[in-house]
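The following paragraphs lead through a single structure, from its charged pairs to its core and its surface. Please keep the sequence and the model in view while reading.

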Amino acid sequence: MSLLQAPRTATVLRTGTWSLRCVPRTLLTCAVIAALTVCALILSLGTGSYALTPVEVVRTLAGSGPPGAEFIVMDLRLPRALVAVLVGFGMGLAGAVFQSLTRNPLGSPDITGFGNGASAGALVAIILFDAGAPQTALGAVCGGLATAAAVYVLAWKRGVHGYRLVLVGIGASAVLGSATSFLYVRADIGKAAQAASWTIGSLNARDWTDVRIAALGLAALLPVVLVYARRLTLLEMGDDTAAALGVPPERSRLALLGVGTGLTAMAVAAAGPIPFVAMAAPQLARRLTRAAGPNLLPAAWTGALLVSAADLATQRLTGSSLLPVGVVTGVAGGAYLAWLLRGERGAGRL
């Protein structure tokens, strides 16, 4: 293994045909955000009618907590907190992939319709087939992939380019919104109420089945994203440049769209369509690292922190865990979107 110094304080670790480029500021940013996420998780585990201090939470996780705390923490609260971290991680990662592919800060899966496609597939499973968690996850994956295929085909014109993909995705999102409204109208009142609470984006009543769905999805898709990270960086430079450097643009773009859609579907299946996290996390991560490129892992950890902090806020502000986390992220995301659009207008891009 050889150690090379790359420009701008980057370090490249190389062994054989593989190399890893490490930027100290990026690594530090990931470490700090991960630590903050763990802090938010511990605070969330101690919040509720049976309150625990952070020290008591840590002792309970280690197996020596107060009497009765193990059931509260391990069985009731820990699955919810882990789903928040895993879903946020996946949404941040998916947002970084989509924004890099479209080269547009608005090109996140919840804006371009991929999230709505996964949501519509899950709703079909819930309302029409009375599905459980595994079947709902399968429905979300099928809905997301079908939407991705339709958007890709409709956006194709001698290749797929960023703004065209965003515009077609926004149109697909509107159509899918109408389809989900139709499903609500056709459903009986019980299933409609269940689906309505789910479509806001909620972590209520999450259990270890939801944790497994999110963890398996990340375990399968995260390595693929990391393998394609270099291709994603080169695609940001343009198709001609990427092709000249040995990267097949359309084949790589199609694979990355599939992986990003899978990450979105995983998040939707586990917690519903939590809005704006996939859009905000990559932009915040880029400002923290001050690094060019997709910033995949910083965006993923930022998404985990955003969802964990939003979940903690719902419990601290309302005194219960009944408020869907999507309400908090929606309010914060609306303000962020207004700020982002103002910045785009000031830069002359709108």
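Arg253 and Glu250 form a salt bridge, with their closest N and O atoms 2.5 Å apart; a salt bridge is defined here as a side-chain nitrogen of Lys or Arg within 4 Å of a carboxyl oxygen of Asp or Glu. The model is a predicted one, in which local features need pLDDT of at least 70 and side-chain atom pairs count only at pLDDT 80 or more, while totals for chains, interfaces and linings use all residues. Residues are numbered from 1 along each chain as its sequence is written, and side-chain values use heavy atoms, with hydrogens and water left out.

Both partners of this bridge belong to helix α11 (residues 249–271), where they stand three residues apart, about one turn of the helix. Helices (H or I, at least four residues) and strands (E, at least two) are DSSP runs, numbered from the N terminus. An α-helix has 3.6 residues a turn, so residues three or four places apart point the same way. Arg253 and Glu250 are both buried. Buried means under 20% relative accessible area, exposed means over 50%, and partly exposed lies in between (1.4 Å probe, protein chains only).

The structure holds two salt bridges. Besides the pair in α11, the side chains of Asp311 and Arg80 meet in a salt bridge at 2.6 Å, N to O. This pair links distant parts of the chain, since Asp311 is in helix α13 and Arg80 in helix α3, 231 residues apart. Asp311 and Arg80 are likewise buried.

What lies at the centre of the nonpolar packing? The largest nonpolar core has 60 residues, and Val87, Leu263 and Ile274 touch the most other members. Such a core is a set of buried Ala, Val, Leu, Ile, Met, Phe, Trp, Tyr and Cys residues joined through side-chain atoms within 4.5 Å. Helix α3 (residues 69–102) supplies the largest share of this core, 17 residues. Apart from it lies another core, of 16 residues, among them Ala122, Ile126, Ala140 and Ala195. In soluble globular proteins, nonpolar side chains tend to be buried together. Beyond its neighbours within four places in sequence, Val87 is in contact (heavy atoms within 4.5 Å) with Ala267, Ala270, Ala271 and Ile274.

Helix α1 (residues 24–45) shows both a covered and an accessible side chain. Its 22 residues should span 32 Å at 1.5 Å a residue, and the end C-alpha atoms are 32 Å apart, which agrees; the expected span is 1.5 Å times one less than the number of residues. Among the buried residues of α1 are Thr26, Cys30, Ile33, Thr37, Leu41 and Leu45. The cover over the buried residues of this helix includes α2, α3, α12 (277–289) and α13 (296–318). Thr26 counts as buried because its relative accessible area is 15%. Outside its neighbours up to four places away, Thr26 touches Thr289, Ala291 and Pro298.

Val32, also in α1, is partly exposed because its relative accessibility is 41%. Together with Leu28 and Leu36, Val32 forms a nonpolar patch on the surface, with about 270 Å² of accessible area in total. Patches are made of residues with over 30% relative accessible area and no salt bridge, with like charges joined within 9 Å and nonpolar side chains (Val, Leu, Ile, Met, Phe, Trp, Tyr) within 5 Å. The areas come from the Shrake-Rupley method with a 1.4 Å probe, and for residues only the protein chains shown count as cover.

Helix α2 (residues 54–61) contains Thr60, and Pro54 is found in α2 as well. Pro54 is partly exposed, with 41% relative accessibility. Pro54 and Ile42 are 12 residues apart in sequence and 6.1 Å apart in space, C-alpha to C-alpha. Leaving out residues up to four places away, Pro54 touches Ile42 and Leu43. Thr60, by contrast, is buried at a relative accessible area of 4%. With residues up to four places away again set aside, Thr60 touches Gly65, Pro66, Ala69, Glu70 and Val73.

Two loop residues complete the tour. Arg103 has a positive phi of about 55 degrees although it is not a glycine, and its place is in the loop between α3 and α4 (114–129). Arg103 is partly exposed, at 41% relative accessible area. Arg290 also has a positive phi of about 55 degrees without being a glycine; Arg290 sits in the loop between α12 and α13. Arg290 counts as exposed because its relative accessible area is 69%.
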